[in-house]
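Biologist: Got a minute to walk me through this model? I'd like to start with what sits inside.
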Amino acid sequence: MAHTNPLLLSDAALEECVDGSTSVDLLREILRQPSVVQRNRKVSAKQFAKQFQKQGHGNIINIASVYGVIAPKFEIYADTTMTMPVEYAAIKSGVIHLTAYMAKLFKGQQIRVNCIIPGGILDQQPPSFLNAYKANSLNKGMLDASDINGTLIFLLSKNSKYING
């Protein structure tokens, strides 16, 4: 019988509204309320943890951002209409701390809680931003979403059974 690895993959970023629009106003309104985003993330994790406890194991993997660890480089946004709101940084740093909190909370229950903290993810940003971002990067610049797959697969594997928090 194949071993399944129960997983909650959680990301506080918003992609699209239910109706398919990408409402900047809606995004700004939600990002103004980081406590709501964090509370919802915590409630989801606790609900999954209950199931993981019944099963005897599980993984919670949060996705944060480098902006949860470092201050933004505002100069890379200079020639764009883009910005980096403080609410985003607050949410992402909260995700990192919540990950450590939950890892400690579920200690000894065979529930591992980890966080992937990537740099920027490529998503139709303007060339001026991409060039400025790359100039401030050690390697590739913006990541493709698939660039975190290896880390995710590792965290789901038995090779990471002692990585928690």
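Modeller: Sure. One term before we start: contact means heavy atoms within 4.5 Å. And keep in mind that this is a predicted model.

Biologist: Fine. Which residues does Phe106 touch, not counting those up to four places away in sequence?
Modeller: Phe106 touches Ala49, Gln53, Ile60, Ile111 and Val113.

Biologist: And what makes up the largest nonpolar core?
Modeller: That one has 10 residues in all: Ala45, Ala49, Phe52, Ile60, Leu98, Met102, Ala103, Phe106, Ile111 and Val113. At least two residues of this core come from each of α2 (34–55), α3 (86–105) and β3 (111–116). There's also a second, separate core of 8 residues, with Tyr67, Tyr77, Ala89 and Tyr133 among them.

Biologist: Why would residues like that gather inside?
Modeller: In soluble globular proteins, nonpolar side chains tend to be buried together.

Biologist: Let's switch to the strands. Why do you call β3 largely enclosed by the rest of the structure?
Modeller: Because 6 of the 6 residues of β3 are buried. Ile111, Val113 and Cys115 are buried on one side, and Arg112, Asn114 and Ile116 are buried on the other, so to speak of faces, both are covered.

Biologist: Why do they split into two sets like that?
Modeller: In a regular strand the side chains alternate between the two faces of the sheet.

Biologist: OK, and β2, how many of its residues are buried?
Modeller: 6 of its 6 residues, which leaves β2 mostly covered. Gly58, Ile60 and Asn62 point one way, while Asn59, Ile61 and Ile63 point the other way.

Biologist: How does strand β2 run against β3, parallel or antiparallel?
Modeller: Parallel, with 6 bridges joining β2 (residues 58–63) to β3. Ile61 has Asn114 as its bridge partner in β3, and Ile63 has Ile116.

Biologist: What kind of unit do β2, α3 and β3 make?
Modeller: A right-handed β-α-β unit.

Biologist: Last one, about Thr99. Where is it found, and is it buried or exposed?
Modeller: Thr99 is in helix α3. Its relative accessibility is 1%, so Thr99 counts as buried; the cut-off for that is under 20%.

Biologist: What is Thr99 in contact with, leaving aside neighbours within four places in sequence?
Modeller: Thr99 is in contact with Asn62, Val113, Asn114, Cys115 and Gly165.

Conventions
Residues numbered from 1 in each chain as written. Predicted model: local features only at pLDDT ≥ 70, side-chain atom pairs only at ≥ 80, totals over all residues. Heavy atoms only, no water. Core = buried A, V, L, I, M, F, W, Y, C linked by side-chain atoms within 4.5 Å. Buried < 20%, exposed > 50% of the residue type's maximum accessible area, 1.4 Å probe, protein only. Helix = DSSP H or I, 4+ residues; strand = E, 2+ residues; numbered from the N terminus. Pairing = 2+ DSSP bridges. Right-handed = clockwise from strand over helix to strand, strands pointing away.
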